[in-house]
Amino acid sequence: MKTPLEIATAWMEAAARCDIEAIAAGMADDCRRFGEPSWMVIAKPDYIAAYRQYLMSFSDYRLEIVNVMASGRTVVFEMIESARFSSPYPLSDGNAIQPNGKSYTDHVCTWIEVDSAGLIAEIRAYIPSTRGALMADAMGASA
């Protein structure tokens with residue numbers, strides 16, 4: 001059986017390839033993702049849907065792993081993430097944030113817990129506000 005480091009690294013490499021199917025397959029059905037804003041919790045189906053929409057709205061996506069640390073079933077990744085806001089981002093109220101064509105680069109950190117079945121059980125993602133500020137600026141310009 002693979003180690004948590006190998007499992008989490010393969011999962012993060014799927015994210016870098018934008019391979020939604022591999023990302024979903026690597027997650028336990030009850031996997032939860034904690035992250036911005038305010039460490040809100042997202043269940044697996046909503047996380048996959050949001051990730052898919054993000055990749056449709058942000059082109060030229062790049063994810064570079066710069067550091068990895070593992071301890072037991074916990075694996076922490078330090079990465080550089082970048083993309084360009086190039087297509088509308090739909091909101092739950094039926095409106096959409098219109099793209100402004102701007103790019104962002106963020107220094108991000110993701111903690112992953114691997115369960116005993118070898119699946120991602122929990123994700124904790126720290127993403128600075130660069131992407132959020134870019135979207136807020138675009139939303140303000142579309143209003």
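In this predicted model, strands S4 and S7 run antiparallel to each other and are joined by eleven bridges. Within this pairing, Ala-83 faces Tyr-104 of S7. On the S3 side, S4 is again engaged in an antiparallel arrangement, and eleven bridges connect S3 with S4. Here Glu-64 stands opposite Ile-80 in S4. The hairpin formed by S3 and S4 has two residues between the strands, and Gly-72 in this hairpin adopts a positive phi near 60°.

These pairings belong to an open sheet of six strands, ordered S2-S1-S8-S7-S4-S3 and with mixed pairing. The edges are taken by strand S2 (40–43) and strand S3 (58–71); each has a single partner strand, so one side of each lacks a neighbour in the sheet. Direction ignored, neighbouring strands of the sheet are turned by 25° against each other on average. A parallel contribution comes from strand S1 (residues 27–35) and strand S8 (residues 120–126), which pair over four bridges. Arg-32 is found opposite Glu-122 in S8. As general background for reading such a sheet, side chains in a regular strand alternate between its two faces.

Two residues give a handy view of contrasting positions in the sheet. Ile-112 sits in strand S7 (residues 103–114) and has a relative accessible area of 0%, so Ile-112 counts as buried. Beyond its neighbours within four places in sequence, Ile-112 is in contact with Ala-8, Trp-11, Met-12, Arg-73, Thr-74, Val-75, Phe-77, Ile-120 and Glu-122. For one of these partners, Phe-77, the C-alpha atom lies 8.2 Å from that of Ile-112, with the two positions 35 residues apart along the chain. Val-41, by comparison, is placed in strand S2, where a relative accessibility of 47% makes Val-41 partly exposed. With neighbours within four places in sequence again left aside, the contacts of Val-41 are Arg-32, Arg-33 and Phe-34. Val-41 and Arg-17 are 24 residues apart in sequence, and their C-alpha atoms are 24 Å apart in space.

Helix H3 (residues 44–57) lies across S1, S2, S3, strand S4 (74–85), S7 and S8, and runs at about 130° to S3. Its length can be checked with simple arithmetic: at 1.5 Å a residue, the 14 residues of H3 should span 20 Å, and the end C-alpha atoms are indeed 20 Å apart, so expectation and model agree. The buried residues of H3 are Lys-44, Tyr-47, Ile-48, Tyr-51, Gln-53, Tyr-54, Leu-55 and Ser-57.

Aromatic side chains provide further links between H3 and the sheet. Six aromatic pairs are present in the structure. The rings of Phe-58 and Phe-85 have centres 4.7 Å apart and planes at 10°, so this pair is stacked. The two residues connect distant parts of the chain, with Phe-58 in strand S3 and Phe-85 in strand S4, 27 residues apart. Phe-58 counts as buried because its relative accessibility is 1%, and Phe-85 is likewise buried, at 0%. Phe-58 also pairs with Tyr-104: the ring centres are 5.9 Å apart and the planes meet at 85°, so the arrangement is edge-to-face. This pair, too, links distant parts of the chain, from Phe-58 in strand S3 to Tyr-104 in strand S7, 46 residues apart. Both Phe-58 and Tyr-104 are buried. Ring pairs join Tyr-47, Tyr-51, Tyr-54, Phe-58, Tyr-61, Phe-85 and Tyr-104 into a cluster. An aromatic ring of another kind of contact is that of Phe-34, over whose face Arg-124 lies, 4.0 Å from the ring centre.

Backbone geometry offers two further points of interest. Most residues other than glycine have a negative phi. Cys-18 has a positive phi of about 65° although it is not a glycine. Cys-18 belongs to the loop between helix H1 (4–16) and helix H2 (20–25), and its relative accessible area of 30% makes Cys-18 partly exposed. Asp-60, also a residue other than glycine, has a positive phi near 60°. Asp-60 is located in strand S3 and, with a relative accessible area of 47%, is partly exposed.

Conventions: Residues are numbered from 1 along each chain as its sequence is written. This is a predicted model: local features need pLDDT of at least 70, side-chain atom pairs count only at pLDDT 80 or more; totals for chains, interfaces and linings use all residues. Side-chain values use heavy atoms; hydrogens and water are left out. Buried means under 20% relative accessible area, exposed over 50%, partly exposed in between (1.4 Å probe, protein chains only). Contact means heavy atoms within 4.5 Å. Two strands pair if DSSP finds at least two bridges between them. Axes are lines fitted to C-alpha atoms, for helices over the stretch in contact, and angles run from 0 to 180 degrees between N-to-C directions. The expected span of a helix is 1.5 Å times one less than its number of residues. Rings of Phe, Tyr and Trp (its six-membered ring) pair if their centres lie within 6.5 Å; planes under 30 degrees apart count as stacked, over 60 as edge-to-face and the rest as tilted. A charge sits over a ring if NZ of Lys or CZ of Arg is within 6 Å of the ring centre and within 35 degrees of the ring normal.
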